[in-house]
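Open the model in your viewer and keep the selection box handy. We'll go stop by stop, picking something and then looking at what is around it.

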Amino acid sequence: MDPVHIIGAGLAGSEAAWQIARAGVPVVLHEMRPQVETFAHKTGDCAEMVCSNSFRSDDDEMNAVGQLHWEMRAAGGLIMSMADRHRLPAGGALAVDRDAFSAAVTEALRAEPLVKIVPGEIRDLPDSGNWIVATGPLTSDALAGSIRGLTGTEALAFFDAIAPIVHAETIDMSVAWEQSRYDKGETEAEQRAYINCPMTKPEYEAFIDALLAADKTEFREGETAGYFDGCLPIEVMAERGRETLRHGPMKPVGLTNAHNPTEKAYAVVQLRRDNALGTLYNIVGFQTKMKYGAQTEVFRMIPGLQNASFARLGGIHRNSFLNSPTLLDDRMRLRARPNLRFAGQVTGVEGYVESAAMGLLAGRMAAAEAKGADLAPPSGNTAMGALIHHITGGAEAKTFQPMNVNFGLFPPLDEMRGGRKGRKDRYPAYTNRAKDDFRAWLAAQ
Ligand SMILES: Cc1cc2nc3c(=O)[nH]c(=O)nc-3n(C[C@H](O)[C@H](O)[C@H](O)COP(=O)(O)OP(=O)(O)OC[C@H]3O[C@@H](n4cnc5c(N)ncnc54)[C@H](O)[C@@H]3O)c2cc1C
């Protein structure tokens, strides 16, 4: 049987290799480190964790990433089993001894007879064969150039510019209202596509003060090359002048406050729908490098968002990722070249766990294909399914930015109470439904 080739032995590539080998299919894993280095990796080991040593919450009842852990364990995932083996005390989180973890993943793959690890950079996308590209946020320049050659320059970003994303049900609609600027759009849905949060002058001034005073994160050395092409953080805009935001993303023009039509807002914060389900909204133009704690505090100063719950907070990082909603099918194959599958952070998921989960799926799908079968993704009710459905279809392609797993990606349960108060009942209902569907998906293979 022809082997499946994987480019990149990170979190995703390592998991994919394991799944393929376990399915009885030979696999060749190509890794450029340590010959070619990145600014973040320090070793030549597989599945190196480049920053924090945490896989986040391990609560598979009340937390979406904990549910993803559960699914990866249920599917015999290598990353989770080695994380469990090298777990460190961290309360409800799954933290690991990073060196022991990576060494164990490397050893397990080296010991697997069907896995061959081949050192060296792959500089060009291959024309034939069954390949998985799992080269991560720091995809080598040569390969990124080759990907851009095939997909177009705009389709592979080098930086993310993540605006915070809010659970729609936590926006106070007695303050905010739905309206597109100048009521633009053919249909009523388009004319009401944005949620608007009005600010008075004192509220705006206090907001700018808080932005300027907030703690920020810094870029790492080597991270910034090519940055600042059209994605300035809001705090940098505010530093350029107190009025800059009011003439940029917070301009109040073309909008009438539905609750108070005669009063002109001094500034308006707009939120735009972020997924087809309509459960998530991003704050338009609010990419930021404020620290997470500061973001929550500052963004809850926005009228209408005083009780907002955030599905994800903002950030700007060096990050190579595809515009997956337009480029990939739901088997994670490049539509234009179906012998190429993508997995991990380069598909537009974010985080160690999400990346490994997409490696798990891509590995199983590639192995099925190598054996002449077809494997559909798990249902959108599961954490893995919710993620893959988001990146390959549910997300807005025009504004696509990397996504963590979160309950906002799960189809709502109609009978359940919304809002922050309903979470105690709703989250276990989501995770129970996910477990049932995931078991059924595994059983059908
Ligand atoms: C600076 C930084 C900090 C981060 N901090 C965190 C964090 O704290 N928590 C978190 O969850 N996530 C963090 N991330 C995101 C994290 O990188 C991903 O979650 C995870 O590593 C992605 O897994 P992956 O397998 O897709 O990519 P990676 O783990 O990066 O693996 C990709 C692999 O491909 C190799 N490669 C690249 N190009 C080629 C090529 N042409 N040929 C051969 N091999 C190649 C790379 O050497 C690498 O080993 C951070 C990312 C960066 C850049």
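How many bridges join strand E10 to E11, and do the two run parallel or antiparallel? Select residues 177-178 for E10 and you'll find two bridges to E11, with the strands running antiparallel. One pair to click on is Trp177 and its bridge partner in E11, Asn196. Keep in mind throughout that this is a predicted model.

**Stay on E11**

Now select E11 itself, residues 194-199. Six of its six residues are buried, so the strand is largely enclosed by the rest of the structure. Turn on side chains: Tyr194, Asn196 and Pro198 point one way, while Ile195, Cys197 and Met199 point the other way. Then add strand E12, residues 267-273, which is joined to E11 by six bridges and runs antiparallel to it. To see how the two line up, find Met199 and look across to Ala267 in E12.

**Zoom out**

Show the whole chain as a cartoon: there are 13 helices and 17 strands to look through. The C-alpha trace spans about 75 × 50 × 50 Å along its principal axes. For 445 residues, a compact globule would have a radius of gyration near 22 Å, and this chain has 22 Å, so the two agree. Colour by burial and 48% of the residues count as buried. If you draw contacts between residues at least 6 apart in sequence, 71% of them join residues at least 24 apart.

**Colour by domain**

Give domain 1 (4-160 + 318-443) one colour and domain 2 (165-312) another. Their centres, taken over C-alpha atoms, are separated by 30 Å. Where they meet, 19 residues of domain 1 are in contact with 23 residues of domain 2. On the domain 1 side, pick strand E8 (156-159) and helix H12 (383-394), each of which supplies at least two of the touching residues. That side is made up of eight nonpolar, eight polar and three charged residues.

**Helix H8 and Glu235**

Next, select helix H8, residues 234-239, and pick out Glu235 in it. Is Glu235 buried or exposed? It counts as buried because 22 C-beta neighbours lie inside 10 Å, and 20 is enough for that label. Leaving aside residues up to four places away in sequence, Glu235 touches Leu211, Leu212, Ala214, Lys216, Thr288 and Met290. For a sense of scale, stretch a distance line from Glu235 to Met32: they are 203 residues apart in sequence and 37 Å apart in space, C-alpha to C-alpha.

**The ligand shell**

Centre on the ligand and show its surroundings, 35 residues in total. The closest are Gly8, Gly10, Cys51, Gly136 and Gly344. Helix H1 (11-22), strand E2 (27-31) and helix H11 (352-370) each contribute at least two residues to this shell. Which of the elements gives the most? That is H1, with three residues. Colour the shell by class and you get 15 nonpolar, 15 polar and five charged residues.

**Last stop: a three-stranded sheet**

Finish with the open sheet whose strand order is E3-E5-E4, with antiparallel pairing. E3 (54-57) and E4 (87-88) stand at the edges with a single partner strand each, so one side of each has no neighbour in the sheet. Select E5, residues 93-96, and you'll see two bridges joining it to E3. To check the register there, look for Ser54 opposite Ala95 in E5.

Notes
Residues numbered from 1 in each chain as written. Predicted model: local features only at pLDDT ≥ 70, side-chain atom pairs only at ≥ 80, totals over all residues. Near = placed C-beta within 6 Å. Helix = DSSP H or I, 4+ residues; strand = E, 2+ residues; numbered from the N terminus. Nonpolar A, V, L, I, M, F, W, Y, C, P; charged D, E, K, R; others polar. Pairing = 2+ DSSP bridges. Buried ≥ 20, exposed ≤ 12 C-beta atoms within 10 Å, placed from the backbone. Contact = placed C-beta atoms within 7 Å. Rg over C-alpha atoms; globule rule 2.2 N^0.38 Å. Domains from an automatic or database assignment.
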